[in-house]
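Please look through the structure shown here before reading the briefing below, which goes from one sheet to a run of paired strands, then to the cores and the confidence of the model.

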Amino acid sequence: MIPQPPPKVITRHRDGRIHAYVVGAGVYGTLEPAAVFQPRDGDEVVASVVRQDLERVVYTTLNGVVCLTRAGDLMWALDFEPHSDVRHGHRPGCALSQDGRTVWVYRPDAMAGRGGGDQWVVHDADSGVVVARLELETVGHGAFHHVHPVDGSIYLDIGEGQDGSVILRGTGGADSEPEFVTYPWSDRCLIDLAPSGQQFMTVDHGQADVAFHDHSNGDVLFTLPAEAFGYEPEESFVEWSGGYLTEDTAIVTLGGESHDEEEWFRFHLVDVRTGTLSGEITVEVSDPYELVPLGDGSWLTGGAGGDPVRWSRAPQPFAPPRRINLSPRLAEVMTADTRLPLIPQAPEGPSRP
């Protein structure tokens, strides 16, 4: 039996503070923060990650990385040198390793004007001591970290604006020297890892197609261009959003512009076992990036007060059926899978306007 993964901890930044939410089994609707962290005076938080036990937070600013306890005590802090006065175009990112022993920090130093290239730095989570440092050949604006759910390796997707996207993977860290691999593409954006970690999903930087890859070597399992979803390629594109709804089903977002110049987007489902389309799912969101699949059949959207809202394909107590419309094909697939009527969990408040 595959062990149940630990609850996910996500963060949101609001009112100058870092709000941490635990996305565990049975928790649906509008999520309440399980912990709130107060950054140091004067720090403008760019990215953050909270430890599984909610006792520590690590966050980046434009000029450094900081680790605080839940009580607000400083564990460690490191400045990015030299100090940058550039306010826009560079967003440092951070992630915690699966075991919580190392902190991985992406530094877009080139765009920050620090006189050198970008860096990917691994720190000891308790002391901040640098464990490893990789000098990169990128000129990135920012990056997304993805932690592999099984082997603990860290994926990094660096966005270089019009120049494309670079994907790397790092392994090891606490007890051994980290090893780094750069994938041989400059034009694919990493969207999500499968819940089992056996594959991952990318979208062409030019938004022409979506591809699914084997985790062990990055080989492409199958690719679907925009026209495979029934659209004219000149009038549509694949959004850099979506992800794994479940181990076997991925959400792929198609977008475009209508004849009256109104932008549109739709969420399609793909059976990643066969590479075939499985229907559509309609979620009321303000933009294609608000929907965040969680891999267990549930997903997040934004809430009215800034708190995330978690939805599920399985019925929850006292959940009126609203806001989610399923295509007949998807309803057939999901009903066969769950053996239950498809009633989503309604949030406690309205979705983001």
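**An open sheet and its edges**

In this predicted model, three strands form an open sheet in the order E1-E2-E4, and their pairing is antiparallel. Strands here are DSSP runs of at least two residues, numbered from the N terminus, and two strands count as paired if DSSP finds at least two bridges between them.

- The edges of this sheet are strand E1 (8-14) and strand E4 (35-37), each of which pairs on one side only.
- Neighbouring strands of the sheet are turned against each other by 25° on average, with direction ignored, where the axes are lines fitted to C-alpha atoms.
- Strand E2 (residues 17-23) runs antiparallel to E4 and is joined to it by three bridges, and His19 has Val36 in E4 as its bridge partner.

**Strand E7 and its partners**

- Because six of the six residues of strand E7 (residues 64-69) are buried, this strand is largely enclosed by the rest of the structure; buried means under 20% relative accessible area, exposed over 50% and partly exposed in between, with a 1.4 Å probe and protein chains only.
- From E7, Gly64, Val66 and Leu68 point one way, while Val65, Cys67 and Thr69 point the other way, and all are buried.
- Strand E6 (residues 56-61) is joined to E7 by six bridges and runs antiparallel to it, with a hairpin of two residues linking E6 to E7 and with Cys67 in E7 as the bridge partner of Val58.
- On to strand E8 (residues 74-79), E7 makes five bridges, again antiparallel, and Leu68 stands opposite Leu74 in E8.
- The hairpin of E7 and E8 has four residues between the strands, and in it Gly72 takes a positive phi near 95°.

**Nonpolar cores**

- The largest nonpolar core (buried Ala, Val, Leu, Ile, Met, Phe, Trp, Tyr and Cys residues joined through side-chain atoms within 4.5 Å) has 18 residues, and Met201, Val210, Phe212, Phe229 and Val252 have the most contacts inside it.
- Among the strands that each supply at least two residues of this core are strand E18 (199-204) and strand E22 (249-257), and E22 gives the most, with three residues.
- A second, separate core of 13 residues includes Val122, Leu156, Val166 and Leu168.

**Confidence and conventions**

- The protein chain has a mean pLDDT (the predictor's confidence in each residue, from 0 to 100) of 88, and 87% of its residues reach 70 or more.
- Over residues 315-353 the pLDDT is below 50. Where pLDDT is low, the predicted coordinates should not be read in detail.
- Residues are numbered from 1 along each chain as its sequence is written, and side-chain values use heavy atoms, leaving out hydrogens and water. Local features need pLDDT of at least 70 and side-chain atom pairs count only at pLDDT 80 or more, whereas totals for chains, interfaces and linings use all residues.

Terms used: Contact = heavy atoms within 4.5 Å. Axes fitted to C-alpha atoms, helices over the stretch in contact; angles between N-to-C directions.
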